[in-house]
Each structure stands twice: as structure tokens, then as C-alpha cells.
Amino acid sequence: RFSESGYSELPTYLHQIRQANPGTFTRLEVDEFQRFKYLFLAFGASINGFPFLRKVVVVDGTFLKGKYKGTLLIASAQDGNFQIFPIAFAVVDTENDDSWEWFFQQLSNVIQDDEGLALISDRHQSIGNAIKKVYPKASRGVCTYHLYKNILQRFRGRDAFRLVKKAANAFKISDFDATFDEIGVLNPALHRYLVKADVRKWARVHFPGDRYNLTTTNIAESINKALSDARSLPIVRVLDAVRSMMTRWFADRRMDAGSMKTTLTRGVEKLLEKRVQQAKLYKVQAIDVHHAQVTCGMSLNVVNLKEKKCSCRRFDVEKLPCVHAIAAAEARRISPISKCDPYYHKNYFYNAYSTSVMPRDAASPVSEDVASKVCSPPIVRNPPGRPKNSRMKSALEKATAKKRPRKEYTCSRCHRVGHNCKTCKAPIEV
């Protein structure tokens with residue numbers, strides 16, 4: 001009955017986690033029968049570190065595999081070194097309007113609604129409904145990977161799929177329009193589908209806010225994978241697996257930030273190093289105090305170093321100098337580092353992980369009002385749809401089942417199957 005005792009331990013566990021980690025925000029909700037309903041946990045370390053990250057939050061859900069099932073909801077971001085930064089976790093019964101709205105209501109206590117905030121998720125309708133209610137000011141984007149998967153399932157043609165990726169990743173409106181028109185000619189049904197999906201949510205060039213390089217929910221799904229083994233454990237052990245992972249990540253990255261000798265993070269330095277080499281091939285012509293014309297072959301781009309913009313729009317979107325901006329900066333003996341967004345600096349990276357994630361002190365005293373709280377296990381609900389009568393078949397079994405049976409030849413002498421006239425053993429009639 002350890003699985004059941006996990007729920008009864010929740011009030012005490014969450015109290016001890018808050019005691020060990022000041023600033024931690026938790027919520028535990030039960031129904032009228034004192035059965036577990038929802039749980040939310042955001043460590044103080046994540047809350048303290050989020051102001052030093054780009055304001056892009058990725059949300060996703062994954063199922064739990066224990067006796068009582070449920071769904072683990074995750075909100076995460078990306079640090080200035082392009083690594084996953086966990087923000088908040090929740091356990092709910094399933095992904096629906098009520099559970100997602102409750103999750104975002106709790107998340108709003110940690111991350112406030114703001115016009116500079118971007119929320120990235122899959123196209124789940126309940127997520128969209130909840131964001132409209134709780135985060136009306138924020139910009140919502142959809143995961144392009146999930147969009148591509150849907151397109152591959154619904155529409156045929158690799159040429160059309162290649163064009164969709166090109167349109168989604170375009171930096172310039174002119175490039176997007178040309179590609180999108182090409183999709184319309186090649187596959188009108190796909191064009192209508194993409195319009196209905198709302199170009200402001202999946203096309204980088206039309207996104208109303210700043211989503212930087214984050215176009216998918218891969219960072220949230222990577223956390224799902226990291227917690228794969230823990231998802232079959234009792235609920236308190238699931239939460240402690242989350243805590244253990246975060247303790248390790250925050251400690252390792254704090255040490256990593258302290259060992260960096262450069263102004264920018266290691267990931268950004270590596271990215272810009274390639275652009276610096278490429279920038280040597282470009283020619284720069286000054287236009288005025290702030291503008292420069294950068295050319296290479298037939299391409300011509302105008303860079304504004306003061307406003308940190310380039311006509312290619314990569315500089316504008318990523319908040320990192322594009323190859324044209326680097327060429328222009330080098331020509332004026334200006335360090336490209338000074339044109340990088342502060343979120344990519346080593347000190348921001350260090351501050352994001354400056355607070356430690358501490359384990360609970362299980363021996364610490366707990367007040368009577370906490371110890372007396374009742375949280376019983378939830379009712380186990382069967383998943384929707386008809387139950388499976390047989391096990392899932394492997395890909396090899398499916399392929400074998402589709403394989404055509406071998407043709408059986410008939411003997412011309414005895415008219416039986418399985419052999420021919422040369423190997424026939426039937427007696428020869430005289």
C-alpha cells in the first residue's frame with residue numbers, strides 16, 4: 001500500500017520542501033471527499049532564476065504510469081547557454097479545460113501575465129482556452145514539430161512539407177510570402193490548413209512577441225524523458241525525483257558558470273565563432289553614423305548597430321548579432337559582444353542558478369494543522385476509448401502481417417500443391 005501512503009504524505013512533504021527551500025510555491029487541492037485532485041510545485045530556485053532568462057515558457061504534459069495514473073504538467077524555459085531550465089510541475093487527473101486552467105492559474109502566481117511573455121505549447125485546445133483566460137497579454141506560439149507531424153499524417157508530398165518548414169523558419173516577410181504562395185499553388189488543402197492553424201502562432205516572422213530560437217516544445221519533452229523512470233513511482237517519490245534532478249542541474253550549472261572565462265556563455269560563444277569566420281567574406285560600406293551596407297555576392301543587407309537590427313531580421317529575432325551585424329561591427333572596431341542581449345551573458349547564466357535546490361529534512365517537526373490534513377488517493381479512471389484486447393504489435397509483426405503469402409505451385413502430374421512435377425513422388429500411370 002505504499003502507493004496509497006504516498007498521497008497521505010503529500011501535505012507533510014510539501015511543507016518540508018517549503019521549509020528547506022524559501023520562496024517555494026506549492027498548492028494541493030482535494031475534492032469534497034478529501035481525495036487528491038491537483039498538485040502544483042515551483043521551487044524557490046526556479047522563481048528566483050527566471051528573471052535572468054528570456055521570457056519564453058514552454059508547457060507540455062506527459063502521463064504517469066503508476067497505479068493511480070494521472071498526468072504530469074511541466075513549465076520550462078531555456079537559459080542563456082541553451083539548456084533546459086525547469087520552472088514548475090503539476091500533477092492532475094488528465095489534460096482538459098479544468099486542469100490546464102488550474103495549472104495556469106497557479107503558474108500566474110510565479111510568472112505574471114505580461115506583453116513580453118511568450119507561451120509555447122502543442123495545439124491542444126484546452127491549453128489555448130486556458131491561456132486566453134489566464135494570460136491574455138502573453139503571445140501564444142505552437143510547437144512546429146507537432147505541426148509538422150500533423151501535416152505528414154494528413155497530407156502527402158515531401159516538396160510541400162519542405163516548403164512548410166521553410167515558411168515556418170523564414171525571418172523575412174517577403175521570404176515567407178513567396179514560400180506560402182508556393183504552398184498554395186502546390187497543395188491548396190494544405191494552404192487552407194495552415195491558415196486555419198493561424199500563421200501568428202507557427203510562423204516565426206508573424207509571431208507577435210519574442211520567441212528567440214524556441215520554436216518547439218522539445219525542452220519540456222526532454223524533461224519528460226529525464227523523468228521517464230520516475231513516472232511509475234508513487235507520487236511523493238515522483239516529486240523527489242524532480243527535486244533530485246533539479247538539485248543536480250542547478251549545482252552543476254552554477255559551477256559551470258563560475259568556471260567560464262568569457263563574457264558570454266559557452267553555447268553563445270560557439271555559435272558566434274562560426275559567424276565571425278563567415279563575416280570575413282562580407283564587404284562593408286558605411287551609410288551613416290549607425291547604418292552600414294553589408295554585401296556578399298548578390299546579397300545586400302542593411303545593419304543598424306544602434307537599434308540592433310538587420311534587414312535579414314535574424315539579429316532582430318534572436319537578439320544575437322547575425323553574420324552581417326558582426327561584419328559591420330568589426331569594420332567599425334566595435335565588439336560584437338556588446339550587441340548581444342544581456343540574457344546571453346555569463347553573469348545572467350550564473351544568477352539564474354544562484355539559488356540551491358535543497359532536499360527536505362524528513363526529521364524536522366511538522367505542526368498539527370499540517371499533519372492532520374487528509375489527502376486520499378484519487379479514483380482510478382480508465383483511459384478513454386475501447387480497452388485493448390491484445391498487446392501492442394511490434395513494427396516487425398505489423399510488416400509481416402501485411403506481407404503477401406508466397407504463391408504455392410501446383411504439380412502438373414498429381415495436381416497437388418507443395419511440389420512440382422520434377423519432385424513429384426506419385427506413381428506414373430501407364
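## Close-up views of two sheets and their helices

In strand 6, Leu 119 is the bridge partner of Val 57. That pair is a good place to start a tour of this predicted model.

**View 1. Strand 3 and strand 6 run side by side in the parallel sense.** Strand 3 covers residues 56-63 and strand 6 covers residues 118-121, and three bridges hold the pairing. Look for Val 57 and Leu 119 to find one of the bridge pairs. As you follow a strand, keep in mind that side chains in a regular strand alternate between the two faces of the sheet.

**View 2. Seven strands make up an open sheet with mixed pairing.** Reading across, the order is 1-2-5-4-3-6-7. Strand 1 (25-30) and strand 7 (139-142) are the edge strands, each pairing on one side only. From one strand to the next, the twist averages 20°.

**View 3. Helix 4 and helix 11 both touch strands of the seven-stranded sheet.** Helix 4 (residues 125-134) lies across strand 3, strand 6 and strand 7, and runs at about 170° to strand 7. Helix 11 (residues 235-259) packs on the sheet as well, where it touches strand 2 (36-42) and strand 5 (84-92). The direction of helix 11 makes about 170° with that of strand 5.

**View 4. Helix 3 packs against helix 4 at an angle of about 40°.** Helix 3 spans residues 97-107, and the two axes are 8 Å apart. How are these helices oriented to each other? Angles that are neither under 35 degrees, nor over 145, nor from 65 to 115 count as oblique, and helix 3 and helix 4 are therefore oblique to each other. Helix 3 passes helix 4 in a right-handed crossing. On the helix 3 side, the contact brings in Asp 97, Trp 100, Glu 101, Phe 104 and Gln 105. They meet Ser 126, Ile 127, Asn 129, Ala 130, Ile 131, Lys 133 and Val 134 in helix 4. By class, the residues of this contact are six nonpolar, three polar and three charged.

**View 5. Helix 5 and helix 8 cross at roughly 150°.** Helix 5 takes up residues 144-154 and helix 8 residues 188-196, with axes that come within 12 Å. Since an angle over 145 degrees counts as roughly antiparallel, that is the relation of helix 5 to helix 8. Their crossing is right-handed. Helix 5 contributes Leu 147, Asn 150, Ile 151 and Arg 154 to the contact, while helix 8 contributes Leu 190, Tyr 193 and Leu 194. Five of these residues are nonpolar, one is polar and one is charged.

**View 6. Four strands form an open, antiparallel sheet in the order 8-9-10-11.** Strand 8 (283-286) and strand 11 (309-310) stand at the edges with a single partner strand each, so one side of each has no neighbour in the sheet. Four bridges link strand 8 to strand 9 (residues 291-296), and a hairpin of four residues joins the two. Six bridges join strand 9 to strand 10 (residues 299-304). Ala 292 of strand 9 stands opposite Ala 286, and also opposite Val 303 in strand 10. Between strand 9 and strand 10 the hairpin has two residues, and Gly 297 takes a positive phi near 65° there.

**View 7. An unreviewed UniProt entry places a SWIM-type domain at residues 301-333.** Over this stretch the chain is 42% helix and 18% strand. The C-alpha atoms at its ends are 19 Å apart.

Definitions and conventions: Residues are numbered from 1 along each chain as its sequence is written. This is a predicted model: local features need pLDDT of at least 70, side-chain atom pairs count only at pLDDT 80 or more; totals for chains, interfaces and linings use all residues. Side-chain values use heavy atoms; hydrogens and water are left out. UniProt positions are given in the numbering used here, feature names are shortened, and annotations may be inferred rather than shown by experiment. Two strands pair if DSSP finds at least two bridges between them. Axes are lines fitted to C-alpha atoms, for helices over the stretch in contact, and angles run from 0 to 180 degrees between N-to-C directions. Contact means heavy atoms within 4.5 Å. A crossing is left-handed if the near helix is turned anticlockwise from the far one by less than a right angle, and right-handed if clockwise. Ala, Val, Leu, Ile, Met, Phe, Trp, Tyr, Cys and Pro count as nonpolar, Asp, Glu, Lys and Arg as charged, and the others, Gly among them, as polar.
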